[in-house]
Amino acid sequence: MKKDVILIIGANGQIGSVLTKTLQEKFGVSFVVASDLRKDPNFEGVFEVIDATDFEQIQSVVSKYGVNQIYHLAAILSAKGEQAPLATWDINMKTLFNVLEVARLNNLDKVFYPSSIAVFGDAAAMNNTPQDAFLNPATVYGISKSSGENWAQYYFLRYGLDVRSLRYPGIIGYQSLPGGGTTDYAVDIYHKAVLNEEFTCFLNADCELPMIFMEDAIRATIELMDAPKESIKIRTSYNLAGVSFSPAEVARSIQKIYPDFSIKYEADFRQDIASKWPNSIDDSKAKADWAWKPEYDLETMTRTMIEKLKQQYK
Ligand code: NAD
């Protein structure tokens, strides 16, 4: 049987660095090609520098290794994207089109393309936001992801390309640092707690957002990609939920372990972005179609984050 060869684009990022290790364990180190704009000197495995805005760079790596699946993670995220809207649109769309075209022209077996809760705007119900809510995103990042979802579906319908996608909530992990999103505070807060420092939050105390622990997000990705093709009924992008909480709630969960931990609030432009996003997500379609089930709640996440970060800072 033909061996799967995986290309990860944007492998140095918050998700990519963790997903790469998981895929190396699953497929074997020599069958996973990690790529990003720069090589991390500590990276172990097969690595190629790829700027995904350049079609030829992706094409030549796909040919060189006989790649049959691409995980396309490269993007400019929500908060960072607002600093340069047109450049963000260019990068997010150009990289996606290049991946879709390389996948189509080389008859690749599968593509993974992450979307985001940023596709939702103020027209969607805030609580338990449904899969098929009206999408009127207010950030350039959200606009690029909602367009990207439709392009993913277009390539499936028009060319039969097996593109699969998840609308990730904010991802919280101890393994890596986030890259400029609106939910980044929920990683930073744990670092400050373990370092015994006060945390200044850029969102309001009661700003509830959908989040997911890294382990759950990675498992969801693998389970989606492993699911039989016929069980994937949504070809734009699946709603995915882990746990929802506000800054005040996560601070309280930390104070159960560090009673002296203190938080203050200085909301900035990211509060405006967050205020149009859902509080919680209805992921019943993911549960029904490919048996998705999150494992981490706020308490288990807080305990794990603090244990792991304490080891890292030792
Ligand atoms: P990140 O910013 O940490 O990493 C993105 C990586 O892409 C970086 O290493 C960057 O160097 C690389 N990159 C940027 N431009 C590139 C280009 N032109 N060519 C090649 N590489 C390039 O992002 P992340 O948090 O790991 O997110 C990965 C994906 O998941 C993104 O598509 C993001 O939109 C999506 N997502 C993330 C979250 C989250 O909470 N982290 C939530 C929803 C969706």
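Biologist: Which ring does the charged end of Arg104 sit over?

Modeller: This is a predicted model. In it, the charged end of Arg104 lies 4.8 Å from a ring centre. A charge counts as over a ring when CZ of Arg is within 6 Å of the centre and within 35 degrees of the ring normal. The ring under Arg104 belongs to Tyr159.

Biologist: What is the geometry of the aromatic pair Tyr154 and Tyr159?

Modeller: The two ring centres are 6.3 Å apart. The planes of Tyr154 and Tyr159 meet at 80°. An angle over 60 degrees puts a pair in one class. The pair is edge-to-face.

Biologist: Is Tyr159 buried or partly exposed?

Modeller: Buried means under 20% relative accessible area, and exposed means over 50%. Tyr154 has 34% and counts as partly exposed. Tyr159 has 36%, so Tyr159 is partly exposed.

Biologist: Which residues form one aromatic cluster with Tyr154 and Tyr159?

Modeller: The cluster includes Tyr154 and Tyr159. Its other members are Phe97, Trp151 and Tyr155.

Biologist: How many aromatic pairs does the count come to?

Modeller: Rings pair if their centres lie within 6.5 Å. By this rule the count is 14.

Biologist: Why is the pair of Phe112 and Tyr168 called tilted?

Modeller: The ring centres of Phe112 and Tyr168 are 6.0 Å apart. Planes under 30 degrees apart would be stacked, and over 60 edge-to-face. The pair is tilted because its planes stand at 55°.

Biologist: How many residues apart in sequence are the parts that Phe112 and Tyr168 tie together?

Modeller: Phe112 lies in strand 5, residues 110–112. Tyr168 lies in strand 8, residues 166–168. Phe112 is buried at 0% relative accessible area, and Tyr168 is buried at 6%. The pair ties together parts whose separation in sequence is 56 residues.

Biologist: Which element gives the largest share of the largest nonpolar core?

Modeller: This core has 41 residues. Ile172, Tyr185, Tyr190, Phe245 and Met301 touch the most other members. Elements giving two or more residues include strand 11 (209–213), helix 8 (247–255) and helix 11 (298–313). The largest share, seven residues, comes from helix 6.

Biologist: Which Phe residues does Tyr185 touch?

Modeller: Residues up to four places away in sequence are not counted. Tyr185 then touches Cys201, Leu203, Met211 and Val250, among others. The Phe residues touched are Phe199, Phe202 and Phe245.

Biologist: Which residue lies over the face of Phe202?

Modeller: Phe202 is among the residues touched by Tyr185. The face of Phe202 has a partner at 3.6 Å from the ring centre. That residue is Arg270.

Notes: Residues are numbered from 1 along each chain as its sequence is written. This is a predicted model: local features need pLDDT of at least 70, side-chain atom pairs count only at pLDDT 80 or more; totals for chains, interfaces and linings use all residues. Side-chain values use heavy atoms; hydrogens and water are left out. Helices (H or I, at least four residues) and strands (E, at least two) are DSSP runs, numbered from the N terminus. Buried means under 20% relative accessible area, exposed over 50%, partly exposed in between (1.4 Å probe, protein chains only). A nonpolar core is a set of buried Ala, Val, Leu, Ile, Met, Phe, Trp, Tyr and Cys residues joined through side-chain atoms within 4.5 Å. Contact means heavy atoms within 4.5 Å.
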